[in-house]
Amino acid sequence: MKALTATIAIAIGIGVGAGLCLAVAARAHEAHRHGGTGPPPRFEAPAPGSYVLPPIARIEEHVLLDSKGEAASLPGLGEGAVAFVSFVYLSCGEACPLATASLADLDGRIAGDEATAGRVELVTVSFDPERDTPEAMARLRAGLHPKGRWRFLTAESTDAVAPVLRDFGQDAVLLRGPDGDFTGELRHVLKVFLLDDQGRVRNVYSTGFLDPRLLLNDAKTLLMEPPPGS
Amino acid sequence: MHATRRLNALRSETLGRLAALVLGLLVAAAAAHADETCQSPYMPKLSGQEDYIYVWTLGVEGWGDGSDKVVSVGANPARPDYGKIVHSVSVGGRHEAHHGGLTDDRRHYWVGGLDTSQIYIFDIATDPARPKLVKTIDDFVEKSGGVVGPHGFYALPGRMLIPSLSNDVDKGGKTAIVEYSNEGEYVRTTWMPEEAPYGYDARVNAHLNRMLTSSFTGHANYMRPLAELMGDAEAMKNFGNEVVVWDFHARKPLQVLTVPGAPLEIRWALNPIHEYAFIEAALTGELWGVFRKPEDGTFEAVKVGDIGPREEQPLLAVDISLSADDTTLFVDTFMDGKVRVYDVSDPRNARQIYEKKIGSQVNMVSQSWDGKRVYFTSSLLANWDGTGHDDEQFLKAYDWNGKELIERFAIDFREKKIGRPHIMRFGQIGFHTGERPAAEEGAVAAR
């Protein structure tokens, strides 16, 4: 905690011009909050079940590769389960670590809450399968020590993951330099998707919404819904 | 020995990830509040030089095809199309073209018609110079449960938030906020509270989980000729005087604040530690602030300044634009065609520092993220334009040096028989491909 705070302070000190210090420090404060280790947030998350999350879209079944290199379905959820799906690439130095850190925070909260333990799955999917091999995804998994069900998926190729990205509405563009060569970076908007057991997207989160308390309560809200047809 | 190496490697990897995480948090959060200063915080920012301005334009009978259209204008002085119309796409017919907005990934530009409630979705990613109409939503009223007049288009993650103006029962001001998926599928309708039924703008502060909505008037009023409407005392009572504070995540109203005289555009301060928003009241010519009270987290509405002389009201304060550093606010008044610039460093005491006449009438104002370029358009509503004064129709581009506006180019939409230009949104070559000519300033920045 102290180390993280000190590292942020150092980063601010060395990385930011004087004119932007205040704004960036404030945003770092906000980002720190989103990381789950910061001071109290500026609002209380609405109580589970006190609001509704209408379906936004439906996701088809896709087959990807898990961190053992075996076929894995997405969403592939069992009855009564929900999942948070996040798209990242491992060499991403910007938004992806925020998404993964938020899911790591959420992982602990899910495991520690009897209303969600065993019923909420996390899925991290690479949209850079050429570099993010199953072995690389396995290393990420090992470093995070998941407490609950957290799958790390990739694909055989960029072409193989493209239909998944289209289905979710997740943009991802290879950035090229002036010479036309791939820079190693991808442009994308950070998005995390909440899916119900019918494969329907029930919420989408980006930087401003990526608050583990909201995500946990959203999952609980879905788990409180009566089964279809009841 | 092998186990020790693995442990050291894991430690090294963990530290590396921590450093990447911290930098990632800083950069990602810095990009969270973004774009040309007044856009949704859920949209990646367009920094540097914009290449195109997409102008949603009302058709005028007898001018060209007479249809509403999206017009692309070159905005980069380093390019040969600077200050020129690059492309124009008609949607067919006149729908009272009004506002529009970009999706959270900036790939699509949604624009709406206040009269027919048609919504048009343009792809601006495939060819930023030439927007392409890819979808038309022509059942908005039916799908939304009777909402009329889709007004704002505000990006949410994976969705579009559409604060509206009216309803199909009495065409009055009772209305709702409607949500669609980015794919153009209906998601839900949230009606305004009974005690504050009018709608206009909706803006979210993610840091506070609060949304503010403002209030205008219904179809029966905004489609009437302005002079006739203003002479109808009974009709003039049918304007909103409220700003509603919402729990955004739950979509539930928490407070109704009184802001007399049709409070319209809402601009949250961009710095998260600035827990306030500015709103202009069109009919009273007053600038208001909505401030979060630190003692209990509720909000209060406070008048923070006047917009133009009292004796000249109503000047119809129609649009505002806040600088990225929260210090400077541009305010357009339609009736006198002026922009007034305020120092809002002290947000409870807005101080006018500059004034300039842009044209016989002026409506929308948009500034670049760096605040160096400011654009204006002229049209408010088809039946409100040019009443009691000339009906100039233009897009004008200025440089702002902190002290004065210096005109760079103007396009006469009347002389070219294009239409009545309204909302403006910015586009950039290479934003969606990563490919940008090396010699051009303003490489794409957001991820």
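Reader: Which residue of strand 22 of chain B is the bridge partner of B:I320?

Author: The partner of B:I320 in strand 22 of chain B is B:V331. The model is predicted: local features need pLDDT of at least 70 and side-chain atom pairs count only at pLDDT 80 or more, while totals for chains, interfaces and linings use all residues. Residues are numbered from 1 along each chain as its sequence is written, and chains are lettered from A and ligands numbered from 1 in the order in which they are written.

Reader: What makes strand 21 and strand 22 of chain B a pair?

Author: Strands pair if DSSP finds at least two bridges between them. Strand 21 of chain B and strand 22 (residues 328-333) of chain B are joined by five bridges and run antiparallel, so they pair under that rule. Five residues lie between the strands of this hairpin, where B:D326 takes a positive phi near 65 degrees.

Reader: Why is strand 21 of chain B called mostly covered?

Author: A residue is buried if 20 or more other C-beta atoms, placed from the backbone, lie within 10 Å of its own (exposed: 12 or fewer; partly exposed: in between). In strand 21 (residues 317-322) of chain B, six of six residues are buried. Across the 447 residues of chain B, 58% count as buried.

Reader: How many helices and strands does chain B have?

Author: Chain B has five helices and 29 strands. Both are DSSP runs numbered from the N terminus: helices are H or I with at least four residues, strands E with at least two.

Reader: What makes strands 13 and 16 of chain B edge strands?

Author: The open sheet has four strands in the order 13-14-15-16 (chain B), paired antiparallel. Strand 13 (202-205) and strand 16 (252-258) each have a single partner strand, so one side of each is left without a neighbour in the sheet. From one strand to the next, the twist averages 25 degrees. Six bridges join strand 15 (residues 242-247) to strand 16 of chain B, with B:V244 partnered by B:V256.

Reader: Which strands stand at the edges of the sheet 25-26-27-28 of chain B, and why?

Author: This open sheet of four strands is also antiparallel in its pairing. Strand 25 (365-367) and strand 28 (405-412) of chain B stand at the edges, because each has a single partner strand. Here the twist averages 20 degrees from one strand to the next. Strand 25 is joined to strand 26 (residues 373-377) of chain B by three bridges, and B:Q367 stands opposite B:V374.

Conventions
Axes are lines fitted to C-alpha atoms, for helices over the stretch in contact, and angles run from 0 to 180 degrees between N-to-C directions.
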